[in-house]
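Student: I would like a close look at one part of this model, followed strand by strand and then set in its surroundings. Please take me through it slowly.

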Amino acid sequence: MAAALDVLADPTRRSIFERLADGPQAVSELAQHFPVSRPAVSQHLKALKDAGLVRDRADGRRRIYTVDPAGIDDMRRWLDQFWDRALAAFAAVAEGTEGKETKG
Amino acid sequence: MSVTTIESVQKSVRVGIPPAKAFEVFTARFADWWPLATHHTAPEDAATAVIEPFEGGRWFERGVNGTETMWGYVTTWAPPERLVLAWHLNLDFHFDPDVASEVEVRFVADGEGTRVELEHRNLDVYGLERGEALRTAVGGEGGWGALLDEFAKLAAAA
């Protein structure tokens, strides 16, 4: 956590991170917005990645960076398990109603 | 431009009753099967939960003290085939009028029974929400504390 804050203390790095919060971008797209060289942008991205703030993936020859969606993955995992359980409960009640009139 | 990156959650279950009946159990008897004891959003215990049976209807819980706490809305009410609910709960499970993912439930006739197919989609909204929260925290005046809180919260939830 301290590492993440240290990493964001650099103004350029913080700007890069803020830009990624708007949506995924390739290194080349990002570099257009900053008065530093593309290798320098890559360096900043590496620091952000090491701190667990962003993730990257290959897209052909490009590398796309996004804000690390760890929190979103948690949500998705939770929903995945939750709906299993909810639908099982639904099925149990539904099977129990067979041949009976429901209330109301 | 919206970029779809988060896969929807898809589930299905087969029940031995026809679609119309399955639709009715899913909606009219929602509180009978939803795990209310563990899955409610208000601080007080939930006495019941309701899906109002019409388009634009509310989807909410009612607490033991009578307080109603919103979860979302019915966006498609098409018995016996289809139900779509807007899930207006954010990452902290609080109602947020500006954040909605979507739950579609289809009731497909399968022999004498029904295959209930559920899809929870548009999960990308949580990415935007988190990105926005981080951006505000980082960009704001004296925002370091807020950022730290955000991380602590996410870490605690992990």
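Tutor: Happy to! Let's begin with pLDDT, the predictor's confidence in each residue on a scale from 0 to 100. This is a predicted model, in which local features need pLDDT of at least 70 and side-chain atom pairs count only at pLDDT 80 or more, while totals for chains, interfaces and linings use all residues. Residues are numbered from 1 along each chain as its sequence is written, while chains are lettered from A and ligands numbered from 1 in the order in which they are written.

Chain A has a mean pLDDT of 80, with 82% of its residues at 70 or more. Residues 98-104 of chain A have pLDDT below 50, and beyond near neighbours in sequence this stretch makes eight contacts in the model (a contact means C-beta atoms, placed from the backbone, within 7 Å). Where pLDDT is low, the predicted coordinates should not be read in detail.

The part to look at closely is the run of strands E4 to E7 in chain B. Chain B holds four helices and seven strands (DSSP runs numbered from the N terminus, with at least four residues for a helix, H or I, and at least two for a strand, E). Along the sequence, the pattern of chain B reads β-α-α-β-β-β-β-β-β-α-α.

Start at E4(B), residues 68-78, which runs antiparallel to E5(B) and is joined to that strand by six bridges (strands pair if DSSP finds at least two bridges between them). E4(B) and E5(B) make a hairpin, with three residues between the two strands. B:Ala78 has B:Arg82 of E5(B) as its bridge partner.

Now move across E5(B). This strand, residues 82-87, also pairs with E6(B), residues 101-110, in the antiparallel sense and over six bridges. B:Arg82, already met as the partner of B:Ala78, stands opposite B:Arg106 in E6(B). B:Leu83 stands opposite B:Val105 in E6(B). The two faces of E5(B) make a nice contrast: B:Leu83, B:Leu85 and B:Trp87 form the covered face, whereas B:Arg82, B:Val84 and B:Ala86 form the uncovered one. For this B:Leu83-B:Val105 and B:Arg82-B:Arg106 register, then, B:Leu83 belongs to the covered face and B:Arg82 to the uncovered face of E5(B).

E6(B) goes on to pair with E7(B), residues 113-121, in the antiparallel sense over nine bridges. B:Glu102 stands opposite B:Arg121 of E7(B). Here too the strands form a hairpin: two residues lie between E6(B) and E7(B), and B:Gly111 in that turn has a positive phi of about 65°.

From E7(B) we can step into the core, meaning a set of buried Ala, Val, Leu, Ile, Met, Phe, Trp, Tyr and Cys residues joined through C-beta atoms within 7 Å. A residue is buried with 20 or more other C-beta atoms within 10 Å of its own, exposed with 12 or fewer, and partly exposed in between, with C-beta atoms placed from the backbone. The largest nonpolar core has 31 residues, and B:Ala22, B:Phe26 and B:Val116 touch the most other members. Helix H5 of chain A, residues 70-96, supplies the largest share of this core, six residues.

B:Ala22 ties several of these pieces together. Setting aside residues up to four places away in sequence, B:Ala22 touches A:Ala94, B:Val15, B:Ile17, B:Phe107, B:Thr114 and B:Val116. The helix around B:Ala22 is H1(B), residues 19-27, which is mostly covered, with eight of nine residues buried. Among the buried residues of H1(B) are B:Pro19, B:Lys21, B:Glu24 and B:Phe26. Across chain B as a whole, 28% of the 158 residues count as buried. Of the contacts in chain B between residues at least 6 apart in sequence, 38% join residues at least 24 apart.

For a less covered spot, try B:Val50, which sits in strand E2 of chain B, residues 46-51. B:Val50 has 17 C-beta neighbours inside 10 Å and therefore counts as partly exposed. Apart from neighbours within four places in sequence, B:Val50 is in contact with B:Phe30, B:Phe60 and B:Arg62. B:Met70 is 20 residues from B:Val50 along the chain, and their C-alpha atoms are separated by 9.7 Å.

Finally, a glance at the other chain. Chain A has an open sheet of three strands in the order E1-E3-E2, with antiparallel pairing. Its edge strands are E1(A), residues 25-26, and E2(A), residues 54-59; each has a single partner strand, so one side of each lacks a neighbour in the sheet. E1(A) is joined by two bridges to E3(A), residues 62-67, and A:Ala26 has A:Ile64 as its bridge partner there.

Key:
Contact = placed C-beta atoms within 7 Å.
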